[in-house]
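Please open the model in your viewer and set the side chains to be shown on selection. The tour below proceeds stop by stop, naming what to select and what is to be found there.

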Amino acid sequence: MERLKTFLRHPTGMIGLVILMAVVVLAVLAPTLFPDDPWEMVAAPFQPPASEGLPLGSDMLGRSVAAGIAYGARVSLTIGVASTLAALCIGVTIGAIAGYFGGKVDDLMMRITELFQTIPGFVLAILLVATIGPTLTNVIISIGAVSWPPLARLTRAEFMRLRGREFVQAAVCQGQAPMVVALRHILPNAISPIIVTGSLTIATAILIESALSFMGLGDPNLMSWGLMIGASRTVIRQAWWMSMFPGIAIVLTVLAINLVGEGLNDTLNPRISRKARKA
Amino acid sequence: MNRREFTKLGLLAGAVGIGGIPLGVTRAVGQTRGGTLNTIIQPEPPILVTALNQQQPTLTLGGKIYESLLRYDFDLKPLPGLAQSWEVSPDKLTYTFKLFPNITFHDGTPLTSEDVVFSITKILMENHARARNTFSRIDKAEAPDPLTVVFTLKKPFAPFLTAFDCTTAPIVPKHIYEGTDYRKNPANAKAIGSGPFKLKEWVRGSHVHLVRHEGYYRPNEPVLDEIIYRVIPDSASRSVALEQGTVQLTQWTDVELFEVPRLSKLPNLTMTTKGYEFFAPHTWLEINNRIAPMNDKRFRQAVMYAIDRKALLNRIYFGLGKVATGPVSSKTKFYEKDVKKYDFSPEKAKALLDEMGLKPGPDGKRVTIPFLVPPYGETHQRTAEFLRQSLARVGIDLQLQGIDVAGWAEKFSNWDFSMTTTTVYQFGDPALGVSRSYVSTNIRKGILFSNTCGYSNPEVDRLFEEAAVATTDDKRQEHYSALQKIMVEEVPVAWLLEIDYPNLMDKRLKNVITTAIGVHDTFGTVSFG
């Protein structure tokens with residue numbers, strides 16, 4: 001409760017939260033606001049913003065840009081959250097095992113992690129999607145597969161830090177199983193930085209998804225912001241609005257998530273007091 | 001400076017960056033003779049020898065270097081090329097060509113009937129699938145004197161005279177190629193032909209520089225001094241290059257279709273879609289006839305009714321073309337316009353699907369069909385999205401599948417697809433460019449542009465076969481009309497559009513598009529003013 005209050009007093013964090021909630025509301029209400037399928041050609045092509053029934057104009061096939069942005073919000077948020085959850089599962093598991101057991105196990109886990117870290121994440125994501133095919137699930141898997149190493153390293157560091165603490169030693173001495181020690185005693189104390197990094201991972205995931213769709217490697221059956229920009233990039237001289245509005249949507253969403261992440265960091269990290277930060 | 005101008009400046013900087021060679025624009029002003037034509041080649045061809053490689057850019061550029069016996073007017077009637085006259089025997093078995101005197105190759109050697117016989121029967125037979133299809137019907141090829149070539153066919157083949165354009169039958173020098181490994185011949189780099197322009201320099205990644213062939217046999221040709229084909233990989237830079245006059249001519253898809261309406265209105269440019277009559281690109285929705293429910297003719301008819309092809313033409317192809325009515329393009333010989341009409345009607349489509357027993361489920365979907373999106377750029381992607389929306393309205397749910405070039409060709413040619421779109425050239429005659437997609441003898445797994453849809457109708461097979469060997473045009477028309485009526489009723493594939501590609505050119509240019517092969521022709525008479 002105390003922390004929630006701190007967060008609510010965090011100015012940039014609150015700005016982020018408000019924008020993010022607006023995007024979430026837009027995503028949830030998309031079918032109500034725009035009953036037509038976003039792919040439906042509802043108007044004449046190349047209609048500028050503020051035309052009849054088209055607040056943000058129409059694209060080259062006469063599809064509503066506004067509807068595309070609303071439905072694109074669903075895709076971006078779904079992929080951002082789902083792939084971050086996937087990355088958390090992999091990253092936290094590997095990091096926890098490495099940090100808890102140390103030694104040879106740690107070496108092995110970290111070498112695997114480093115293997116992934118040496119390959120540029122986006123290139124690997126392109127490769128994965130191109131190989132296993134661009135569907136929603138595959139895009140989530142691919143982004144998850146390239147996003148977990150930082151989470152693994154962070155979790156490992158936290159686990160190593162807490163592994164030697166008295167309360168953990170006490171639990172071990174009581175004969176509790178490693179799994180129980182890790183989940184009940186270490187993880188709750190390590191969770192704050194993981195939550196912060198996880199929230200920022202969502203932003204990165206949304207960016208990767210947009211970039212994949214921009215390159216035509218997204219699921220072609222889903223209207224997403226990256227796809228909208230990629231499709232209208234070539235007509236930018238005739239119709240700026242087709243790529244501009246989805247671009248703004250991406251910027252706002254990613255910015256909002258980053259602000260929220262920063263706010264969470266300041267709130268959850270006991271070593272940064274708000275007063276100290278202000279001084 | 002507003003945003004648009006700023007963007008323009010950036011693009012311009014990109015386009016100018018490819019320069020470094022003199023531009024001939026100013027030099028050409030007000031001159032009839034001489035001048036430099038700058039144009040675009042996209043993508044850069046791997047080789048310039050058209051006898052060995054028939055990719056689009058090779059043919060466009062190679063047409064200036066290599067000539068053939070004939071040319072064709074817009075109605076596909078033969079005109080003199082290297083041959084000044086020709087005769088066909090009454091039994092349609094013997095074709096005699098008389099060459100112009102004094103034709104020389106770029107290395108100064110005279111071009112004789114021996115070179116023609118060698119090109120047709122040796123190098124093209126081994127390296128050019130489309131030419132092989134026609135020339136394998138030759139029984140004997142003789143050169144009784146240096147200016148006479150006589151071909152005797154095994155049996156009549158009506159479109160034989162349609163196969164002597166420079167993209168099908170380029171004539172190469174025998175003395176350079178005979179007895180060598182054609183593909184490894186070092187002379188390939190020099191590209192020695194007999195056309196009005198010869199290769200001066202090819203800077204990979206930058207430009208191909210052609211200059212006048214002084215020994216050209218036609219008086220007063222070529223008019224231009226030189227032609228420079230510039231390699232500009234980025235489509236926005238190509239448009240800017242044209243807009244700024246850096247290049248004075250674009251062809252095929254050099255300029256993206258959505259740029260055409262804007263560019264064609266510019267005061268210094270003019271646009272024509274003539275010059276593609278020989279190719280007559282025909283675009284259709286390919287339907288795998290082997291798989292249910294697509295094996296039912298009513299389903300395929302429903303697909304035809306469900307697609308608003310006029311809207312497709314206007315929205316995605318910017319009106320460049322016309323709605324296709326059947327397997328034969330209206331530009332090709334023996335087109336039949338009196339066939340069943342499929343005007344846009346979702347109601348008729350739904351009625352046909354209901355009749356088949358394909359009832360919509362609770363979510364409104366009758367059937368879900370995967371659709372391979374051809375990986376050839378935006379227009380194809382937009383077309384796929386358009387088709388998905390059109391078919392969704394009648395309850396056919398298309399699932400678009402993105403795929404790379406190799407994967408598309410592999411799946412498509414091995415029949416591992418349900419639907420996709422494809423564009424096929426017709427080459428002037430249904431026997432050359434249409435029958436291959438529908439006759440059952442051409443159902444060949446693994447081969448692109450064969451009968452991939454798996455359509456098979458013995459009556460259609462028979463009509464195609466008889467039309468190809470019939471000796472009078474009336475008889476051929478009769479067969480082709482009959483088979484077009486049958487096929488339009490059965491809808492082996494859903495024909496969408498006949499595409500017109502735009503040639504955008506500087507207003508001062510004259511005589512650019514004079515024949516049915518358009519920009520592939522020699523450009524001997526092209527001039528500025």
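Select B:Glu243 and A:Arg237 to begin. In this predicted model, the two residues form a salt bridge whose closest N and O atoms are 3.5 Å apart. Keep B:Glu243 selected and add B:Arg262: the side chains of B:Arg262 and B:Glu243 also meet in a salt bridge, at 3.3 Å from N to O. This second pair links distant parts of the chain, with B:Arg262 in helix 8 (residues 260-263) of chain B and B:Glu243 in helix 7 of chain B, 19 residues apart. How does the burial of the partners compare with the 20% limit for a buried residue? B:Glu243 has a relative accessibility of 16% and therefore counts as buried, whereas B:Arg262, at 23%, is partly exposed.

**The interface of chain B and chain A**

Now widen the selection to the residues on either side of the interface. Here 25 residues of chain B are in contact with 24 residues of chain A. The two chains bury about 2200 Å² between them, and 48% of that area lies on carbon and sulfur atoms. On the chain B side, select B:Arg315, B:Arg382 and B:Gln389; these residues lose the most area to chain A, together 28% of what that side buries.

Across this interface there are three salt bridges and eleven residue pairs in polar contact. To see where the chain B side comes from, colour helix 1 (3-16), helix 7 (235-244), helix 12 (378-392) and strand 16 (396-401) of chain B: each supplies at least two residues of the side that touches chain A. Helix 12 of chain B gives the most, with seven residues.

**Strand 16 of chain B**

Select B:Asp397, which lies in strand 16 of chain B. B:Asp397 is buried, with a relative accessible area of 13%. Its side chain is joined to that of B:Gln399 by a polar contact of 3.5 Å. Which residues surround B:Asp397 once its neighbours within four places in sequence are left aside? B:Asp397 is in contact with B:Lys365, B:Val367, B:Thr368 and B:Ile369.

**Further salt bridges**

Over all chains the count comes to 33 salt bridges. Select A:Asp106 and A:Arg156 for one of them, in which the closest N and O atoms are 2.6 Å apart. A:Asp106 belongs to helix 4 (residues 103-118) of chain A and A:Arg156 to helix 6 (residues 136-163) of chain A, so the pair ties together parts that are 50 residues apart in sequence. Both A:Asp106 and A:Arg156 are buried.

Move next to B:Glu466 and B:Arg462, whose side chains meet in a salt bridge at 3.2 Å, N to O. Both residues lie in helix 15 (residues 458-469) of chain B, four residues apart, about one turn of the helix. B:Glu466 is partly exposed, with a relative accessible area of 31%, and B:Arg462 is likewise partly exposed at 37%. Then select A:Asp59, A:Arg63, B:Glu378, B:Arg382 and B:Glu385, which are joined into one network by salt bridges that share partners.

**Aromatic groups**

The model holds 35 aromatic pairs over all chains. Select A:Trp240 and A:Trp241: this pair is edge-to-face, at 5.9 Å centre to centre and with 85° between the planes. Add A:Phe245 to the selection; the rings of A:Trp240 and A:Phe245 have their centres 5.9 Å apart and their planes at 50°, so this pair is tilted. Are these residues buried or partly exposed? A:Trp240 is partly exposed, with a relative accessible area of 35%, while A:Trp241 is buried at 6% and A:Phe245 is buried at 18%.

In chain B, select B:Tyr72, B:Trp252, B:Tyr276, B:Phe278, B:Phe279, B:Tyr425, B:Phe427 and B:Tyr501, which form one aromatic cluster. Two charged residues over rings complete this stop. The charged end of B:Arg137 sits over the ring of B:Phe157, 3.7 Å from its centre, and B:Arg290 lies over the face of B:Trp415, at 3.9 Å from the ring centre.

**Chain A as a whole**

Finally, display chain A alone as a cartoon. Its secondary structure comes to eleven helices and zero strands. The C-alpha trace of chain A spans about 75 × 45 × 30 Å along its principal axes. Of the 279 residues in chain A, 49% are buried. Among contacts in chain A with a separation of 6 or more, 71% are between residues 24 or more positions apart.

Note on methods:
Residues numbered from 1 in each chain as written. Chains lettered and ligands numbered in written order. Predicted model: local features only at pLDDT ≥ 70, side-chain atom pairs only at ≥ 80, totals over all residues. Heavy atoms only, no water. Phe/Tyr/Trp six-rings, centres within 6.5 Å; stacked < 30°, edge-to-face > 60°. Buried < 20%, exposed > 50% of the residue type's maximum accessible area, 1.4 Å probe, protein only. Lys NZ or Arg CZ within 6 Å of the ring centre and 35° of its normal. Contact = heavy atoms within 4.5 Å. Buried area = accessible area lost by both parts, 1.4 Å probe. Salt bridge = Lys/Arg side-chain N within 4 Å of Asp/Glu carboxyl O. Polar contact = N/O pair within 3.5 Å; in protein donor to acceptor, adjacent residues only side chain to side chain.
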